[in-house]
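User: Please take a close look at how the helices pack in this model. I would also like the backbone exceptions in the loops and the ring contacts covered.

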Amino acid sequence: MKLQHEQPENSQTGEAAHRSDVRRHNGADLQDWVESLEPALELILKSQEPAKTRRFLDKLVERLRESGIKVPSTVTTPYINTIPLSEQPPYPGDWQTEVRIKSYIRWNAMAMVVNANRLHDGLGGHISTFASSATLYEVAFNNFFRGRSGDFQGDIVYFQGHASPGVYARAFLERRLNERDLQNFRQELSEGGGLSSYPHPYLMPNFWQFPTVSMGLGPIMSLYQARFNRYLKARGIIKGEEPKIWCFIGDGETDEPETLGALTLGARENLDNLIWVINCNLQRLDGPVRGNGKIIQELEGLFTGAGWNVIKVIWGSDWDELLAKDKTGLLIKRMGEVVDGDYQKYSVEPGSYTRKHFFGKYPELLPLVHHLSDEQIRKLLRGGHDTRKVFAAYKAAVEHKGFPTVILAKTIKGYGLGEAGEGKNITHQQKKLNEKELREFRSRFGIPIADEEIAETPFYRPALDSKETKYLLERRKKLGGFLPARIVTAPKLDVPKDDYFAELLKGGSPTTTTGAFGRLLAVLLRHQAVGKQIVPIIPDEARTFGLDALFKDIGIYAPKGQLYEPVDKESLLYYNETKTGQILEEGITEAGSMSSFIAAGTAYATHGVNMIPFYIYYSMFGFQRIGDQMWLAGDIKAKGFLLGATYGRTSLNGEGLQHQDGHSLLLASTIPTLLTYDPAFGYEVAIIIADGLRRMYAEGEEIFYYLTLYNDKYAMPPMPEGVRDGILKGLYKFKSAPTKAKHQAQIFGSGPIINEALRAQTILAEKYNVAADVWSATNYKWLRNDALNAKRWNMLHPTETPKKAYIETLLEKEKGPFIAVSDNMKIVPDQIAPWVPGGLTTLGTDGFGRSDTRPNLRRFFEVDAELTVIATLYALAEKGDIEKKVVEQAIKDLNVNPDKVHPVLI
């Protein structure tokens, strides 16, 4: 008899045998299931109806998931074209004529860059990007891009910045640009002007619409532009035929967070008015985009997961026959297993290399290409260079309903450059071609230029009565006109005058400048002429800024309305989403919010209607986070108001280092078309905004505004007489010294820190016999620019009567030292120091922020009233007006630690 404890060995053997039986049984069951499905699968495959097959499989997966079975998600498809040959529509135009036109454009785009760099080495320019995307653009220009005509504002196109030579070259064939324009590519200061390096509306305001060359910004702008178009339509501001938004992107550009970060917005809001075309030439500036992977498959998975319609254009028509002949599936398998680094290698090697390394991996594939020479294999087209394949993709994209579409088009970077750079890692930097390379290019694309002229790289334009020119112009006429074209037709607005904001001009009970703005916005929204044009943009901080009352009054835009009952429905200020809402409540995305600001701020040029965006945001997360978009807003000539709320390194007291902003005014000062203000009182906010409305929307100036807003609550005084001009120019005397005294001083205060200046005024008068006038400094940037203009004029007109800047005229008769104190870094007021009589002593908030009370923070950063007093006394001592021991005693009397570490060094 065996003992119980001896049984485990035999027991384990038994369990293993049982598991093996179960596996065999399950395997048999699985085989039975597969065999039972075979007839149905055969029927489906024979039907040759891919759409019906997809619906069947989707339904099958849906049923399995409903039954609780975990079915793995499929977000990528085989590495072949999405649209099979059987579904490819016929090409509607004369594609052979279009190919010739495209060849001329290729030549002129290349010649433009080569000529510029031959004459002026180092000017730069890019040949390879347009070389790879010429077909992508030309099919769209000839068949899809609709120009502005009648009431239709035209399609909106974001051109890939590096492809700008190709857009110029087409405009040359269209007779919109002349030969001198092309000769002056990247030479904008030439006599008669020149062409900008990239799309810059600021530099070419009648041509370019959208700056795109700062990579990632074009894609996110196009997303929010598509959404803004729907917003305008929902609110009844624009009517009629809906434009398509096209955005051309490089595959390397998708590494930018801005490119892919907001993808789900497109599907969430059903933006089927948006089409992205990603030029997958597999190369960045230095090397492959995904040498060890497949960028097209990666992007397909991302976009599919985000809910987009994905169309892959990978293989040209030459491959259709090979795919049809392959009955084993090995060709598709081989296409899928090759990484992009190898595909790049195939593009630079002879056909024999591709025969051996691509087809030769599986001997069964070699018979597919036995009938092709090595040269024919080398010329097998990628899909993005095939006119018919690209047309099929575009047609499907334009007709698709429900979701945005992305087209992933495979190309070769530097296509057509041959030995000069086709497919090579150095191709992005290629600016010059030698005579041999020029001849090869000329011959490859059939450009009618004689051998004796080739070295000069002349531009070529067929005659006005040629078949090509007639065809090109007729196609554009049929599609509504030329583009890109920036045409400003928006009627001016009847904006409110200062007295419309009488409530703020009168002053009143304690509030913050943020609160004052909220009141102004509420009043402005009720204005009969401009109320409907206002676009409040808020990145999930409306309650923080006290703007939640607007939820009920004007609603939050949501294309689907409100499909749920909000938890705060019973409250007065509940979260109210509506299909016609006026607020763009963007969620936690400053980049998305700024994209909406740009879309709204350029509606006057894009849609022929003036919209007035007010983008209010957590100040620290403005210029510091999305400064590139702020700069772009200047380039694109956006209009509107940026409101940096919760500003001030000591005013936003509890949040600490990452939130406390004392330098956005400095960053804002770098943008030439941006007016920057640091108001202290409600009436200043009102005067600045009223003047901005007048300048931008009544007089048509293409500028925009930035205002700081603070959280400090204090009594808002009424507007003094005669200060309007000073508010707008940046400086005015707010409060004269209460009494005469032996010594005089001038204190500039900004924002809520003006209250510290006023307290210092009292201390100086009562304890130190100093009469200090307090000034409100609202705009140091304006003061500096005005002074620089005067100084420059005087330098260039040395024998004429010198001009005086506003600040020089304003201060020339004032007595005593000048002190500036604010919640900004010292360098903000220091901008005007050279023009202040006797110089300027500056107090500011240099250094990282801290969490504490406002009094403690202001003492820490040395901007409180006591430090302002000490700074004033020290300046008087430096002038010899008082003894330095008076300053020393004041330091003791005011309880200031003279040995405390400088805030910048802590």
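Analyst: What follows goes through two helix contacts, then the loops, then the aromatic rings. The model is a predicted one.

Helix α20 covers residues 513-525 and helix α26 covers residues 682-698. Their axes approach to within 9 Å and cross at roughly 45°. An angle under 35 degrees would count as roughly parallel and one of 65 to 115 as roughly perpendicular, so α20 and α26 are oblique to each other. The crossing of α20 past α26 is right-handed. On the α20 side the contact is made by Thr513, Ala516, Phe517, Leu520 and Leu524. These meet Gly682, Val685, Ala686, Ile689 and Leu693 of α26. Sorted by class, the contact of α20 with α26 comprises eight nonpolar and two polar residues, with no charged residues.

The second contact is between helix α22, residues 590-601, and helix α24, residues 623-635. Here the axes come within 10 Å and the crossing angle is roughly 10°. With that angle under the 35 degrees cut-off, α22 is therefore roughly parallel to α24. From α22, the residues involved are Glu590, Ala591, Met594, Ser595 and Ile598. From α24, they are Arg625, Ile626, Gln629, Met630, Leu632 and Ala633. By class, this contact of α22 with α24 has seven nonpolar, two polar and two charged residues.

The loop between α24 and β12 (641-645) contains Lys637. The phi of Lys637 is near 65°, a positive value in a residue other than glycine. Another loop, between α18 (467-478) and α19 (502-505), holds Pro484. Pro484 is joined to Leu483 by a cis peptide bond, with omega about 5°. Both points are worth setting against the general pattern: most residues other than glycine have a negative phi, and most peptide bonds are trans.

That leaves the rings. The structure holds 58 aromatic pairs. A pair of aromatic rings is described by the distance of the centres and the angle of the planes. Charged side chains also sit over rings, as two cases show. In one of them, Lys294 lies over the face of Tyr79, at 3.7 Å from the ring centre. In the other, the charged end of Arg186 is placed over the ring of Tyr198, 5.0 Å from its centre.

Conventions: Residues numbered from 1 in each chain as written. Predicted model: local features only at pLDDT ≥ 70, side-chain atom pairs only at ≥ 80, totals over all residues. Heavy atoms only, no water. Phe/Tyr/Trp six-rings, centres within 6.5 Å; stacked < 30°, edge-to-face > 60°. Lys NZ or Arg CZ within 6 Å of the ring centre and 35° of its normal. Axes fitted to C-alpha atoms, helices over the stretch in contact; angles between N-to-C directions. Helix = DSSP H or I, 4+ residues; strand = E, 2+ residues; numbered from the N terminus. Parallel < 35°, antiparallel > 145°, perpendicular 65-115°, else oblique. Left-handed = near helix turned anticlockwise from the far one by under 90°. Contact = heavy atoms within 4.5 Å. Nonpolar A, V, L, I, M, F, W, Y, C, P; charged D, E, K, R; others polar.
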